[in-house]
Each structure stands twice: as structure tokens, then as C-alpha cells.
Amino acid sequence: MLERSEAVSTLSWGNKARVKVPATSAKDRLPLREMLRIWSQRSQGRSAIKLGIYGFSCILLAVGILTSETWPSILFFQMLLGLVFAHGLELTHEALHHNMFERNIYNRIAGFLTGAPMLVSYTHYRFQHLHHHRFIGTDKDKELFDYDPKSLRNPVTFVLRGLNLWRVPRFFMTLFGMWRGHYPEVFTTDTRRRDVLIEYSLIGGVFVAAVLVTALGITNIFLLLWFIPWLVFGEVFHFIFELPEHLGRDKSKRDILLNTRTYRTNPIYCYIINGNNYHIEHHLYPYVAVQNLPSLSAYLEAAGQKPVPSTLAAFREVFQGQKRDDHG
């Protein structure tokens, strides 16, 4: 495993991009390699604050749900809680790159806690996502979350994919398979297999217990504070967050500038998706901290790499690119 200071110069994972870095001088700006070393420094205080905001938001919205007296207000708070759950999965993404904390165990704890409400194992997400970084633009590319362009063909398939109705069955099919000794191919060591099995078993156990107490009429708290916010709203929000990453781009090419998209957006949405709009920058240099992605983007823009001008334009490209693919 490369040390962080060594890794920043080799973070394209073998994918070459046609970025021409502008000439630099001592009185102008630092060389890109040195800037990457600076931008790759984690801010543990910032990470703790983001996790605190996430946790506080969950508690505040849970109180709003439990104290509301009308269904419209309950559904409104549940929608917001689903949005927070989806935001939490973007924090999981930051943690799985070990960009939150210096110690990997803290990244794992943060990633597990923010991924579990969406029925996502941190370890599975981590190694499947790193596999995606390594093999994007090839037939081996496979993410934990599948965004098939066919899901954009009509409103019905779009809604069905957004709701992700197969999420729970697939989770338990994976868990049962691991209990039988069948692991996804990214788990090549006993340590990885042990870690992912522990996480799946913990999440699955809590889920089954929550379903049982709900079905037996003991309490509806899990239905109100977890199942509805996550399954009705959270999955849809997460689907929307990640659509512009690659869909509508040329994923048959290894060039990150061709298979990935960066787009400008407002600060609020950028915070909610945790900088996911800077996706070219992230794929070129995965160890750059989220808060420094705007600086890296500005650096690359000065080199001629122009981002998509808006969120709306990015989604327009997503759907137009899918139509081009459908019509050859």
C-alpha cells in the first residue's frame, strides 16, 4: 500500500487523461505535484463537523417525524431524512478513500455508520468502488450501485430504478452467498472477507429485527424513522446524486476526460452531494480531500479542462447521451 505522500503522484490508477498542465514558476504557482501533496491533506476537524451535522440532522428530523400530527408534515420530514441518508452515503464514499481521518479504523467506523442506514456495507462499497476506479473504461468496470442507461429510457423504468426495489433482496442474496462461502470477486483475502461478512451480518441482523418488531405491532418507529425515509426517498435521492458521474459519457474509453463528468453547481447542492460534482478531479486524483476539489478544478480549468456549466446542463447531457447510445 502506498503512503499518502507517495500516492498523490500516481493517483490516476493507470487511466491517462489529456490534461495539459500550465507552465509554472516559483513566483507564479507551485508545481502540480506539490499542490497535490497539499490538497491531499485531510482535515479531521472538518470531517468531525460534517459527521456531527449528519448525526444532528438525523436526530432533529426524527424528532420532527415523531412529533408531527399530520401525514403531510410527517412525509415532509421523512423526505428530508431520506435526503440526509443519501448525503450520508456520499460521506461513506469520502471515508472509503480514507480521506476523512488519519487512522483507517476511524474512516471505517464513519463509513459504516453513514452507509448502514442505506443498507450498504462500508467494506463492500470500498473495494468495489476502488475496483471501479481501477477499471473504468474497460469491460471489468463494475460498481456496487449499477446505473444502467436503460433505466433512463422512459419514466416508468426511471422511477423503478430510482426506487431500487431490488435493493433489499440483493443485499440478502449477497449475505446468504457469503455465509455459503461465495464472495464477490473483489474480496481476495481472508481479512477482507471477514470484514465484509461481519458488516453484512450486523446490518442484516438489525434489519430483520426491525422488520419483526414492526410486523408484530410492537413499535412502528423503524417504519417511520428508517424504512420509509430510506426506501421511499433515500434511494431516489442517491440515484439522482450519482447519475451525472458517468452516464452520457463515453465509458468505452479509458480517458477520464471522456468517461467522467465535472459540473458546476451551487454551494448547497455541492455540500449535499459532498463534492461529487467534481468527478473528473476525483477520478484523476482520488486522494485529494473533498474541500480541496474546487481548487484542483480551478487549476485544471486554467489548463483548459472546462466543466459542464450547471447542474441542469449536466442532467441534460445524461439524458441526451443515453438517447445517442440507444439510436447508435
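**Close-up views of a predicted model**

**View 1. Two buried phenylalanines meet in this predicted model.** Phe171 is buried, and Phe172 is buried too. Across the model, the count of aromatic pairs comes to 18. Phe171 and Phe172 form one such pair, with edge-to-face geometry. Their ring centres lie 5.2 Å apart, and the planes make an angle of 80°.

**View 2. Ring pairs join aromatic residues into a cluster.** Phe171 and Phe172 belong to this cluster. Phe176, Trp179, Tyr200 and Phe207 are also members. Trp226, Phe227 and Trp230 complete the list.

**View 3. Helix H6 covers residues 122-135.** The helix has 14 residues. From first C-alpha to last, H6 reaches 20 Å, close to the 20 Å expected at 1.5 Å a residue. Of its 14 residues, 13 are buried, so H6 is largely enclosed by the rest of the structure. Gly137 follows the helix; its phi is positive, near 90°.

**View 4. Two arginines each place a charged end over an aromatic ring.** Arg126 sits over Phe127, with its charged end 5.2 Å from the ring centre. Arg103 does so over Tyr106, at 5.3 Å from the ring centre.

**View 5. Confidence falls under 50 in residues 1-14 and in residues 23-27.** The protein averages a pLDDT of 88, and 87% of the residues score at least 70. For residues 1-14, the model has 30 contacts beyond four places in sequence. For residues 23-27, it has five such contacts. Where pLDDT is low, the predicted coordinates should not be read in detail.

Notes. Residues are numbered from 1 along each chain as its sequence is written. This is a predicted model: local features need pLDDT of at least 70, side-chain atom pairs count only at pLDDT 80 or more; totals for chains, interfaces and linings use all residues. Side-chain values use heavy atoms; hydrogens and water are left out. Helices (H or I, at least four residues) and strands (E, at least two) are DSSP runs, numbered from the N terminus. The expected span of a helix is 1.5 Å times one less than its number of residues. Buried means under 20% relative accessible area, exposed over 50%, partly exposed in between (1.4 Å probe, protein chains only). Rings of Phe, Tyr and Trp (its six-membered ring) pair if their centres lie within 6.5 Å; planes under 30 degrees apart count as stacked, over 60 as edge-to-face and the rest as tilted. A charge sits over a ring if NZ of Lys or CZ of Arg is within 6 Å of the ring centre and within 35 degrees of the ring normal. pLDDT is the predictor's confidence in each residue, from 0 to 100. Contact means heavy atoms within 4.5 Å.
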